[in-house]
Amino acid sequence: MTDCKFANDAEVIAFARDHSGVFPAGAHLGVEEIGDGNINFVYRVFSDDGTSVIIKQALHYIRIIGEGWPLSQDRIRIEAEALQQEAAYCPDLVPRVYHFDAARSAIVMEDIGAYENLRHALIARARLPLLAEHLGRFAADTLFHTSDLYLDAHRKKELVGRFINPDLCKITEDLFFLDPYCDHERNNINPLLWDEAEALWQDEPLKLEVARLKYRFLTCAEALLHGDLHSGSVFACAEGTKVIDPEFAYFGPIGFDVGSVLGNLLLNYAGQAQLPGTEAERGAYQDWLLETVAGFWNTFAGRFAELMEAKTQDPSLNLALYREAYLADILADTIGYAGTEMIRRTLGLAHVADLESIEDPQRRAQAESRVLSLGRAMIMQRGEIGSIDALIAFVRGH
Ligand SMILES: Nc1ncnc2c1ncn2[C@@H]1O[C@H](COP(=O)(O)OP(=O)(O)OP(=O)(O)O)[C@@H](O)[C@H]1O
Ligand SMILES: [Mg+2]
């Protein structure tokens, strides 16, 4: 598989023609490389009549680094299978997979080019009326139906086996839970934030809580996670939402996925305070972001509780009290993992445009500082906050 890279455009076009079934025979096709991500190669193949497909190919290394950072090509099989799992429960919320090709290490999938990258949409202060409901439903349906609440015990363990994803998990284990809490060479720190970073490296109570969250990430095979559910993996428009790029999928704690969504909304919330525009515009958009946080959680938790009641197979788990306790635990995890996402996007290797696009370093440092202290407080108090309304009051008051 290591030499499966397409040699030229003609090979990409032939592959798309043979494996998508969407192009009429004899159609004239073109190709462009469109990947703005870091890890893989992404191509769009299109015909004169506007029909198009996407080909995503994983080589045995990280695209922007090269052979110096090897990475298992099994990630593309995992991505294809995760997209298919998600499509079983939310077919409207993921791109359709036309074909997965192990020899080429490539997926041929639906082109969702009409949708906009959510991170760009949030920075531009777009209001997306369906976003909260769609992401809440995506999280509830994909996570419930791959958990022990729903799956037969044998099927669950078989699936856990199919989604063992050590290379990609290791990236998260390091970038989320190790690097930001020490003076690591991979970190990327605004010099104006250096004192705060040094203080955080000495913060033993915080490091204890992060150790607890990391250990759950390592050991808690609760449900099949998307694993990389940040704003850049979500594409949205007024009519719909699509979630892409589940190459980090593995069985982990539900709150990690839910917390990734929440953390990214709060990163934008903090960025808005320093982004261009009038105070009124920015404040109104921050209100919309917090309404979206509440709408997202309420959809997720409401739908998850309904699914638990209607479809939990094991009678020893299908109890009203257990449903309540279970969702309270997920909320605490969600708040904690959201906090780790916020901290790692401020001190760690991979930053986000919600903060990076604040041009003035002083103003960017103010936003980053707010993210750091809010992220820390959320990690520390995740078990006490208790409800989404209390979290929103907590964020507003911070
Ligand atoms: N199905 C699709 N339809 C349209 N555009 C797509 C599709 N899949 C990917 N893209 C485009 O290619 C970009 C990179 O895709 P993706 O995030 O899957 O790649 P990646 O290499 O895994 O990136 P990352 O480094 O973020 O993990 C997306 O941001 C999007 O612009
Ligand atoms: Mg990716």
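Two strands count as paired here if DSSP finds at least two bridges between them. Keep that in mind for what follows: β10 (residues 234–236) and β11 clear the bar, pairing in the antiparallel sense over three bridges. This is a predicted model, and the tour below takes in a ligand site, a sheet, a hairpin and a couple of unusual loop residues. Let's start with the ligand, which sits in the largest pocket.

**Around ligand 1**

- Ligand 1 has 18 residues around it, and the closest are Asp36, Asn38, Asn40, Lys56 and Glu247.
- What kinds of residue make up that shell? Sorting the shell around ligand 1 gives eight nonpolar residues, four polar ones and six charged ones.
- Asparagine 40 comes in with its backbone: an N or O atom there lies 2.8 Å from an oxygen atom of ligand 1.
- Isoleucine 112 also uses a backbone N or O atom, which lies 2.9 Å from a nitrogen atom of the ligand.
- Glutamate 247, on the other hand, brings its side chain, with a polar atom 2.8 Å from an oxygen atom of ligand 1.
- On its own, ligand 1 has 620 Å² of accessible area, and the protein covers 90% of that.
- Which elements give two or more residues to the shell around ligand 1? Those are β3 (52–57) and β7 (106–110).

**The three-stranded sheet**

- Here three strands make an open sheet, running in the order β8-β10-β11 with antiparallel pairing.
- β8 (116–117) and β11 (241–243) are the edge strands, and each has a single partner, so one side of each is left without a neighbour in the sheet.
- To find the place where β10 meets β11, look for alanine 236, which stands opposite threonine 241 in β11.

**A hairpin elsewhere**

- Strand β4 (residues 61–62) pairs with strand β5 (residues 66–70) in the antiparallel sense, over two bridges.
- How many residues does the hairpin use to join β4 to β5? The link runs through three residues.
- Across this pair, tyrosine 61 stands opposite proline 70 in β5.

**Two loop residues with positive phi**

- As background, most residues other than glycine have a negative phi.
- Arginine 125 goes the other way, with a positive phi near 60°. You'll find arginine 125 in the loop between α3 (118–123) and α4 (131–144).
- Aspartate 245 has a positive phi too, near 65°, and is likewise not a glycine. Where does aspartate 245 lie? Look in the loop between β11 and β12 (250–252).

Conventions:
Residues are numbered from 1 along each chain as its sequence is written. Chains are lettered from A and ligands numbered from 1 in the order in which they are written. This is a predicted model: local features need pLDDT of at least 70, side-chain atom pairs count only at pLDDT 80 or more; totals for chains, interfaces and linings use all residues. Side-chain values use heavy atoms; hydrogens and water are left out. Helices (H or I, at least four residues) and strands (E, at least two) are DSSP runs, numbered from the N terminus. A residue is near a molecule or strand if one of its heavy atoms lies within 4 Å of it. A polar contact is a pair of N or O atoms within 3.5 Å; within protein, one must be able to donate a hydrogen and the other to accept it, and residues adjacent in sequence count only if both atoms are side-chain atoms. Accessible areas come from the Shrake-Rupley method with a 1.4 Å probe; for residues, only the protein chains shown count as cover. On a 1 Å grid over the protein atoms alone, a cavity is a set of points where a 1.4 Å probe fits but cannot get out, and a pocket is an open set with protein on both sides within 12 Å along at least five of seven lines; lining residues have an atom within 4 Å of a point. A molecule sits in a cavity or pocket if more than half of its atoms lie within 2 Å of its grid points. Ala, Val, Leu, Ile, Met, Phe, Trp, Tyr, Cys and Pro count as nonpolar, Asp, Glu, Lys and Arg as charged, and the others, Gly among them, as polar.
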